[in-house]
Amino acid sequence: MRISRTVVAPAGIALALALAGCGSLEANTAGGDDATIDELSIVVPAAPGGGWDQTGRALQADLQAEGLVGRATVTNVDGAGGTVGLANIANATDPNTLLVMGLVMVGAVETNESQARIEDTTPIARLTEEQEVIVVPKESPYETVEDLVRDIEENGKDVTVTGGSAGGADHILAGMLLEAAGMTEDEITADLNYVAYSGGGESLAALLGNKVDAGISGVAEYAEQVEAGELKALAVSGEERVAALPDTPTLTESGYDVVLTNWRGVVAPGDIDEADREALIAAVTGVVESDSWAGTLEEYGWADAFLPGDEFDTYLTENIAEVRTTLQDIGLVR
């Protein structure tokens, strides 16, 4: 399979976002289909250090490097798997704002029973997809993913697995792995001790400090520490091995029928007009087609998964339904 609580945002955060989005957004008549955005606010709905933060800051840098925006700022609005940031942007009226989001948020909306919905936003583009990697501290006795699974089967919640927000890609992969190992929904619910962190930096610190037994995240977030020998990579989640970790087998190679990739994209406020929507799509399309973005993909090991506008809208509708079903299957949503 590829899966390519009510949240009320603090008033201060909402005001900060409103002030951040006070620039103008105009079509560039001299540049044909290109768009010029005087000021753009990029909202990262997570703490610094994770994949969303990397995506937002890379997008900021490349949009400016290519002259597609005059100025771009990044604001981190952390909380509840991204649904705090989602609650702020879904009904915002400032058109020059992008929210970084992806599979993690799709899951978090369901598990948190968020009143704010992705369907309330304006889809702009899917950007990338990335494999997940399962890692353990360098001192860990686990040498294979089978060792980890067997320990969870035997010792249940005594084994801690860390990753991003509850219901996100990392959590989904943990559940899918145990399901593929033959555990029932009730057994997964009873035995999986998943410790959720809002940013990749926090989960990495827990791993390096030997506070958890294993971690799951995007390849880019852990690859450097694996290469440095600080972490051991047990398996990656795609159909094929990744160049950044060539010696790490896939879950399929390891005997588990699981394939999952974590996609990321951007959406805009729900109530913007068609001209503003097209200008944002044009700006993002311009950066995706640039040499700067090609270098960013190579640097982080992200795969190009670009879907603009209506295509992304269609994909989102299908993905939301698929994730909801998967979360139910592995007992994360009733």
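Does Asn210 count as buried, exposed or partly exposed, and at what relative accessibility? The points below take up this residue and several others.

1. The model is predicted. Its secondary structure comes to 12 helices and 11 strands. The protein has 334 residues, of which 56% count as buried. The surface it exposes is about 13300 Å², and carbon and sulfur atoms supply 46% of that area.

2. To the opening question: Asn210 counts as partly exposed, at 42% relative accessibility. This follows because partly exposed covers the range between the buried limit, under 20%, and the exposed limit, over 50%. Asn210 sits in a loop, with helix 8 (200-208) on one side and strand 8 (214-218) on the other. Its phi is positive, about 55°, although Asn210 is not a glycine. Most residues other than glycine have a negative phi.

3. Glu113 is another residue with a positive phi that is not a glycine; here the value is near 50°. Glu113 belongs to the loop that joins helix 4 (103-111) to strand 5 (122-137). With a relative accessible area of 64%, Glu113 is exposed. The reason is the cut-off: a residue is called exposed when this value is over 50%.

4. Where is Thr55 placed? Thr55 is in helix 2, which runs over residues 51-65. Thr55 has a relative accessible area of 0%, so it is buried. Leaving aside residues up to four places away in sequence, Thr55 touches Val100, Leu127, Arg264 and Trp302.

5. Which residues form the negative surface patch? The patch is made by Glu153, Glu154, Asp186 and Glu187. Two helices, helix 5 (145-155) and helix 7 (185-191), each supply at least two of the patch residues.

6. Glu153, one of the residues of that patch, has its place in helix 5. The relative accessible area of Glu153 is 40%, so this residue is partly exposed. A patch residue needs a relative accessible area of over 30%, and the 40% of Glu153 meets that condition.

7. To review the residues by exposure: Thr55 in helix 2 is buried, while Glu153 in helix 5 is partly exposed. Of the two loop residues, Asn210 is partly exposed and Glu113 is exposed.

Notes: Residues numbered from 1 in each chain as written. Predicted model: local features only at pLDDT ≥ 70, side-chain atom pairs only at ≥ 80, totals over all residues. Heavy atoms only, no water. Helix = DSSP H or I, 4+ residues; strand = E, 2+ residues; numbered from the N terminus. Buried < 20%, exposed > 50% of the residue type's maximum accessible area, 1.4 Å probe, protein only. Contact = heavy atoms within 4.5 Å. Patch = residues over 30% accessible without salt bridge, like charges linked within 9 Å, V, L, I, M, F, W, Y side chains within 5 Å. Areas by Shrake-Rupley, 256 points an atom, 1.4 Å probe, with all protein chains shown as cover. Salt bridge = Lys/Arg side-chain N within 4 Å of Asp/Glu carboxyl O. Lys, Arg positive; Asp, Glu negative; His and termini not counted. Charge placed at Lys NZ, Arg CZ, Asp CG, Glu CD.
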